[in-house]
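Visitor: Please give me a close look at a single part of this model, and then place that part in its surroundings. I would like the cut-offs stated along the way.

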Amino acid sequence: MLQIAGTVPQDRLPVQEIFGPVPQGEGPYTGRCACFIRLGRCNLHCPPCDSKRTWDASRYDLSQTCPPRAAEEIIEAASEHGAGAGIVVVSGGEPLLWQGTAVWHRMLTALPGDLHIETNGTISPNEFTTGRVAHFSVSPKIGRMGAADPAKRRIRPAVLADFAVLARQGKAAFKFVAADTAEVEEAARLVRDSQIPRDRVWIMPLGDDAAAWTAVGRTIVEQVMDHGFNFSGRLHLTLEVR
Ligand code: SF4
């Protein structure tokens, strides 16, 4: 964490954006009223990432795209954007990079209501985070998403085992982004090897607009159903909202 934290002051978190209320667009909580808090920095470098402003220092000045903010500022901004009315989704980047900090502890303690974390599944949640968070959306990177990082960096069996336990408890769901049938099979192998319950798996077609998502979705939906997995929309693309 400290290596990635870089120049962020110890009592601050880098925040790319806080927005809402909006419908959660993906996975099992699709349609739920949500406030999103998007934290900066990531430990992966997925080529199709739609949040490169959180981590890609070769393109962006991260001090500008993700200015450091105190926990109190984050909570106030979240309250202005729907926190308390519905779920609060802490996303990134990779938000669990920050779970060892005091400011993370303060933020999670003070945010109202059910907290969800969106993570790439490379870092196990600690005891405090696990206790405070209602739901983990775990998205290990495979196929085109994982093309820039070696497998040992993006697939951590011990971490996936921890999240599989949470999935069996109904506290986590897995979301794999797949671009074609081969990537659905890659996800299926990982699900089997990690003993992830199939009914806690969502496959989401790769696509950054509704037409692309639909085109990929049509090619994989039958196979997704054959595996007993769930199919994830991207409601914000369909509705053309955030
Ligand atoms: S893990 Fe998520 S935030 Fe990080 S590079 Fe991949 S898609 Fe982007």
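Guide: The account below starts with one strand, follows the elements on either side, and then turns to other local features.

The model is predicted, so local features need pLDDT of at least 70 and side-chain atom pairs count only at pLDDT 80 or more, whereas totals for chains, interfaces and linings use all residues. Residues are numbered from 1 along each chain as its sequence is written, and side-chain values use heavy atoms, with hydrogens and water left out.

The part chosen is strand E8, residues 201-205. Helices (H or I, at least four residues) and strands (E, at least two) are DSSP runs, numbered from the N terminus. Five of the five residues of E8 are buried, so the strand is largely enclosed by the rest of the structure. Buried stands for under 20% relative accessible area, exposed for over 50%, and partly exposed for values in between (1.4 Å probe, protein chains only). Val201, Ile203 and Pro205 point one way from E8, while Trp202 and Met204 point the other way, and all are buried.

E8 has a parallel partner in strand E7 (residues 172-178), to which five bridges join it. Strands pair if DSSP finds at least two bridges between them. Opposite Met204 of E8 stands Val177. E8 also pairs with strand E9 (residues 230-231), again in the parallel sense, over two bridges. There, Phe231 of E9 is the bridge partner of Ile203.

The connections involve two helices. E7, helix H8 (residues 181-193) and E8 make a right-handed β-α-β unit. Right-handed here means that, with the strands pointing away from the viewer, the path from the first strand over the helix to the second runs clockwise. E8, helix H9 (residues 210-226) and E9 make a right-handed unit of this kind as well.

The loop between H8 and E8 contains Gln195. This residue has a positive phi of about 55° although it is not a glycine. Gln195 is exposed, with a relative accessible area of 58%. Arg41, in the loop between E2 and helix H2 (62-65), is likewise not a glycine and has a positive phi of about 85°. Arg41, however, is buried, at a relative accessible area of 11%. Most residues other than glycine have a negative phi, and most peptide bonds are trans.

Two cis peptide bonds can be noted here. One joins Gly20 and Pro21, with omega about -5°; Pro21 lies in strand E1. Another joins Gly92 and Gly93, with omega about 15°, and Gly93 is in the loop between strand E4 (87-91) and H4.

Helix H4 (residues 102-110) holds Met107, which is buried at a relative accessible area of 0%. Beyond neighbours within four places in sequence, Met107 is in contact (heavy atoms within 4.5 Å) with Leu13, Leu39, Ala71, Ile74, Ile75 and Val90. Met107 and Ile74 are 33 residues apart along the chain, and their C-alpha atoms are separated by 7.5 Å.

Lastly, the whole structure has four aromatic pairs. One of them is Phe19 with Phe36, stacked at 5.2 Å centre to centre and 5° between the planes. Phe19 lies in strand E1 (residues 13-23) and Phe36 in strand E2 (residues 33-39), so the pair ties together parts that are 17 residues apart in sequence. Both Phe19 and Phe36 are buried. Rings of Phe, Tyr and Trp (its six-membered ring) pair if their centres lie within 6.5 Å; planes under 30 degrees apart count as stacked, over 60 as edge-to-face and the rest as tilted.
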